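Here are my notes on the structure, set out as numbered points for you to check against the coordinates. They begin with the pockets and then turn to the cores and to a few individual residues.

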Amino acid sequence: MTTLDDRDHRILTLLQNDSRVSNAELADAVGMSASALWRRVRALEEAGVIERYGALVNPAEMGLTFEAIVHVHLTRHDPDKIVDFIRAVEISPEVQECYATTGQADYHLRVLCRNLSAYNTFLEDFLFRLPAVASAQTNVVLRTIKRNRPVVP
C-alpha cells in the first residue's frame with residue numbers, strides 16, 4: 001500500500017475534479033514547483049494510485065437513455081463458468097460496471113442501453129445466454145443522484 005501525504009491527497013482531489021488541469025496550474029494549487037509536481041504525479045501513476053485519466057461523459061447525450069442495476073444470480077459456482085461470465089461482462093459495451101458482492105445476488109451490473117428494447121435485446125441475446133446465469137433482477141434507474149465523485153481518504 002502506498003503511503004500518501006496531505007499534498008498527495010490534494011493533488012489527487014484536484015486531478016479527479018479536472019484531469020485536464022495543466023501541470024503549472026496544479027503545481028501552483030499545491031505549492032510545488034512544476035518539475036517536483038510532475039515527478040510526484042508520475043510516482044502516483046507508477047504506484048497504481050492513479051489508474052487512468054478520462055472524460056466524464058453524459059450517457060443521455062450519447063443516446064443512452066436507459067440505465068439499470070442488474071442483480072445476477074448464478075446457476076452454479078463452477079470456476080470455469082464464473083471466468084467465462086466475467087470475461088463476457090468485461091467486453092460487453094452495455095455493462096459499465098460489475099461488482100461481485102455478498103448478499104442474495106452474486107453480481108451487480110450497471111447497464112446502459114439506448115432504450116428498453118435495446119435492454120431487452122441485451123438480456124435475451126447476451127446475459128441469458130451465458131451458461132452461468134440462472135436469473136437476473138432489474139432495477140431501472142429513475143434518476144442519478146450521485147455519480148463518479150472524487151475518492152477521498
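**Notes on the predicted model**

1. The largest pocket encloses a volume of about 1,200 Å³, and it should be read with the reminder that this is a predicted model. Its lining is made up of 32 residues, and those that lie nearest the centre are Gln16, Arg52, Gly54, Asn148 and Arg149. Sorted by class, the lining of this pocket comprises 17 nonpolar, nine polar and six charged residues.

2. Which elements each supply at least two residues of the lining of the largest pocket? They are helix H1, which spans 6-17, and strand E3, which spans 107-113. Of the contributions to this lining, that of H1 is the most, at six residues.

3. The second largest pocket holds about 170 Å³ of space. Its lining consists of Pro59, Ala60, Leu64, Thr65, Glu67, Arg110, Leu112, Val141, Leu142, Arg143, Thr144 and Arg147, and these divide by class into six nonpolar, two polar and four charged residues.

4. The largest nonpolar core contains 22 residues, and the members with the most contacts inside it are Val72, Phe85, Tyr119, Phe122 and Leu127. At least two residues of this core come from each of strand E1 (66-74), helix H4 (79-91), E3 and helix H5 (116-125), with E1 giving the largest share, namely five residues. Beyond the four places on either side of it in sequence, Val72 touches Phe85, Ala105, Asp106, Tyr107, Leu109, Leu127, Val133, Ser135 and Ala136. Another core, of eleven residues, lies apart from the largest one, and among its members are Ile11, Ala27, Val30 and Met32.

5. Ile11, a member of that other core, is placed in helix H1. Is Ile11 buried or exposed? Its relative accessibility is 0%, and Ile11 therefore counts as buried. When neighbours within four places in sequence are set aside, the contacts of Ile11 are with Leu26, Val30, Met32, Leu37, Arg40, Val41 and Leu44. By contrast with these contacts, Phe66 stands 55 residues from Ile11 along the chain, and the C-alpha atoms of the two are separated by 35 Å.

6. Arg40, one of the residues in contact with Ile11, belongs to helix H3, residues 34-46. Arg40 counts as partly exposed because its relative accessibility is 23%, a value between the 20% and 50% limits that set this class. Its side chain makes a polar contact of 2.9 Å with the side chain of Asp8. Apart from neighbours within four places in sequence, Arg40 is in contact with Asp5, Arg7, Asp8, Ile11 and Met32. As for Asp6, the C-alpha atoms of Arg40 and Asp6 are 12 Å apart in space, while the two residues are 34 apart in sequence.

7. Asp106, which Val72 touches, sits in the loop between strand E2 (95-100) and E3. A relative accessibility of 18% is why Asp106 counts as buried, since the limit for that class is under 20%. A polar atom of the Asp106 side chain lies 2.7 Å from the backbone nitrogen of Leu74. With neighbours within four places in sequence left aside, Asp106 is in contact with Val72, His73, Leu74, His77, Tyr99, Ala100 and Thr101.

8. His108 is found in strand E3, and with a relative accessibility of 18% His108 counts as buried. The side chains of His108 and His71 are joined by a polar contact of 2.6 Å. Residues up to four places away in sequence not being counted, His108 touches Val70, His71, Glu97, Cys98, Tyr99 and Thr101.

9. Asn148, one of the residues that lie nearest the centre of the largest pocket, is placed in the segment after strand E4 (133-140). Its relative accessibility of 47% is the reason that Asn148 counts as partly exposed. What is the phi of Asn148 near? The value is near 45°, and phi is thus positive here in a residue other than glycine. Most residues other than glycine have a negative phi.

Definitions and conventions: Residues are numbered from 1 along each chain as its sequence is written. This is a predicted model: local features need pLDDT of at least 70, side-chain atom pairs count only at pLDDT 80 or more; totals for chains, interfaces and linings use all residues. Side-chain values use heavy atoms; hydrogens and water are left out. On a 1 Å grid over the protein atoms alone, a cavity is a set of points where a 1.4 Å probe fits but cannot get out, and a pocket is an open set with protein on both sides within 12 Å along at least five of seven lines; lining residues have an atom within 4 Å of a point. Grid points are joined across faces, edges and corners, and a volume is the space filled by probe spheres set on the points. Helices (H or I, at least four residues) and strands (E, at least two) are DSSP runs, numbered from the N terminus. Ala, Val, Leu, Ile, Met, Phe, Trp, Tyr, Cys and Pro count as nonpolar, Asp, Glu, Lys and Arg as charged, and the others, Gly among them, as polar. Buried means under 20% relative accessible area, exposed over 50%, partly exposed in between (1.4 Å probe, protein chains only). Contact means heavy atoms within 4.5 Å. A polar contact is a pair of N or O atoms within 3.5 Å; within protein, one must be able to donate a hydrogen and the other to accept it, and residues adjacent in sequence count only if both atoms are side-chain atoms. A nonpolar core is a set of buried Ala, Val, Leu, Ile, Met, Phe, Trp, Tyr and Cys residues joined through side-chain atoms within 4.5 Å.
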